[in-house]
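I opened this entry to record what I looked up, beginning with one helix and moving on to the core and the chain contacts.

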Amino acid sequence: MQDLKLRASENRGKSQLEAGFDLLGWDEVTQGSVLPSFEGDASGIANLKAEERNYSGYNSYTATVASWRVVKPVFNIDVCIDCQNCWVWCPDSSILSRDKQMLGIDYDHCKGCEICVEVCPTNPKSLLMFKENEDLETALSGWPEKTKKEKN
Amino acid sequence: MAITSVKNLKEFSTTNDRFEGAHTLCPGCAHSMIVRELMNCTDDNLVVSANTGCLEVSTAVYPFTSWDTSWIHIGFENAATSVSAAQVMHKVRKKKGTLKDNDAPVKFVAFGGDGSTFDIGFQWLSGAFERQHDFTYICLDNENYANTGGQRSSATPIGATTSTSVAGTHSYGKKEKKKDIVAIMAAHGAPYVAQLAPNKWKLMAKGFQTALETEGPCFINTVSPCCTEWKFEPKDTMGITDLATDSLMFPLYEIHNGHELNILYRPKNIISAEEYLGAQGRYKHLFKPEYRHVIDKIQKDIDDNWAMLQRREEARI
C-alpha cells in the first residue's frame with residue numbers, strides 16, 4: 001500500500017538547492033518578505049486534495065523529516081476498520097486518508113511518535129511500531145493474532 | 001460560512017489538510033493536532049497570525065512554511081494586534097470594493113502559546129477584545145515557556161517543577177496558582193469563550209466552528225500536553241489529555257456573552273488528581289511524604305472549581 005501516487009512534488013525529500021531552486025540566504029531576505037505556499041493562484045485550496053495542489057518549493061509539504069525517526073509505524077489494511085482515529089490525532093498530518101478510507105502512512109512526514117498506535121481501537125492493532133530498517137513485508141508477515149480478553 | 005461536517009470522524013476525514021507536515025514540532029506535540037483541526041473545520045479562507053512560541057518557530061523554518069493560508073508573524077506579543085489590523089483592512093477594502101474577490105468569506109484567527117497569552121501578549125489581547133474585532137484567538141496552553149527551555153509562566157499550575165521554579169529539598173516547584181484565563185476573557189464580555197481539549201475532537205471542532213461563526217472576538221483555551229516539559233513519552237499525549245479532562249484539571253466548558261456558562265463534558269468516572277499528576281515527570285517530587293499536602297491542595301482546588309462551574313451553569317451568571 002505504500003507505493004501510492006499521492007505525492008504532489010517530484011522534488012520532495014530533496015533539498016531545495018538540489019531542486020534547482022534559487023534560495024536567498026536568511027540574512028539576504030528583506031523584512032516583510034512573503035513566502036508563497038503555492039505556485040500561481042492559491043484560491044480554493046481548501047477544496048483540493050494534496051495531490052491536486054501545485055505546491056511551491058517553500059511549502060514544508062515538499063520537505064521531509066524522515067530522518068527524525070528511529071521506529072516507524074506499519075499499517076495493516078486487513079485489520080483496519082477505517083475509524084480515522086489515527087487521522088484526526090496524527091500531529092504530523094502523515095495519515096493518508098481519502099474518501100473515508102485509511103490508505104497508508106506518509107513516511108516523509110512521520111516522526112514516529114506512536115500516537116496512531118495508541119489510539120488504534122482494533123484487536124490486534126492495525127498499526128504497530130517496527131524498527132526503521134525493518135522492511136514492510138517482514139513486518140506484515142509477523143502480525144500478531146487477535147488476543148482474547150481474560151475473564152475474571 | 002462554509003463549515004465542514006463534523007457529524008462523525010469518517011465524514012470529517014474527507015476534509016483537506018491546510019496545515020502541512022514536516023514542521024519541526026516535537027514528535028507527539030498536541031499543538032499541531034489543534035491547529036490542523038481548526039484549519040480543517042472550515043472551507044473559508046483564513047488569515048492566521050501567530051505569537052512567538054513553539055508553533056511559530058516550528059512551522060516557519062526558513063525556507064519552509066507549513067501554512068496553506070495567509071500567515072503573519074510579527075512579534076512575541078502581537079498576534080491579536082496584527083490579526084485585528086488585517087481584519088480592519090479587510091473590512092475597509094471590502095467596503096471600497098478593492099478586493100480581488102469581494103464576496104469570498106474570510107476568517108481571522110490568532111494563535112498564541114500560554115506564555116504569550118497569559119503573560120507577554122495579555123495587554124494586546126485584552127485591547128483587541130475591548131475593540132471588539134471579529135476574530136478568534138486560540139491559546140495553545142502547555143503550561144510553560146516550552147520553546148525557550150521550560151520556564152514557568154503564569155499558566156503553570158501549582159506544584160509543577162520548571163526550569164525557573166525547580167523542585168528540591170526547599171521547594172515543591174511553583175507555589176502560585178494558575179491564572180483563570182477563561183474567566184478573565186469572559187469578563188471582557190466576549191461573545192464566546194471556551195476551554196477545549198484535543199481528545200474530545202468533536203467538542204473541539206464544534207467549539208472552533210462556533211467561534212469562527214460568531215461575530216466579535218472569541219477566545220478558546222486549548223489543552224496542549226507537552227511531552228518534552230511535562231516529561232512523559234510522546235505516545236502518551238492522548239492518554240495524558242484524557243487524564244487531564246477526566247480528573248477535571250481541565251474542565252471543558254464554554255461561556256456565551258460573558259455569563260451563560262455551559263459545561264461541555266461531564267466525565268462518567270471522575271478520576272483523582274493523583275492519577276493525573278502521577279503520569280507526568282514534572283510532578284514526581286509531590287509524591288514524597290513531605291510534599292503530599294500539595295496534592296491534597298490541588299485536589300481541593302479542582303473540587304472547588306468544579307463545584308463553582310456547576311453552580312455558575314445552574315445560575316446562568
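My notes on the helix, the cores and the interface follow.

I am working with a predicted model, in which local features need pLDDT of at least 70, side-chain atom pairs count only at pLDDT 80 or more, and totals for chains, interfaces and linings use all residues. Residues are numbered from 1 along each chain as its sequence is written, and chains are lettered from A in the order in which they are written.

I first looked at helix H6 of chain B, residues 122–130 (helices are DSSP runs of H or I, at least four residues, and strands runs of E, at least two, numbered from the N terminus). I found Trp124(B), Leu125(B), Ala128(B) and Phe129(B) buried there, that is, with 20 or more other C-beta atoms within 10 Å of their own, C-beta atoms being placed from the backbone. Seen down the axis of H6(B), these residues fall within an arc of 135° (taken from the directions from the helix axis to the C-beta atoms), so they line one face of the helix. They pack against helices H4, H5 and H7 and strand S4 of chain B.

I then turned to the largest nonpolar core (buried Ala, Val, Leu, Ile, Met, Phe, Trp, Tyr and Cys joined through C-beta atoms within 7 Å), which has 105 residues, with Cys86(A), Val109(B), Phe111(B) and Val193(B) making the most contacts inside it. Helix H8 of chain B gives the largest share, six residues.

Lastly, I noted that 45 residues of chain A are in contact with 36 residues of chain B (C-beta atoms within 7 Å).

Key
Buried ≥ 20, exposed ≤ 12 C-beta atoms within 10 Å, placed from the backbone. Contact = placed C-beta atoms within 7 Å.
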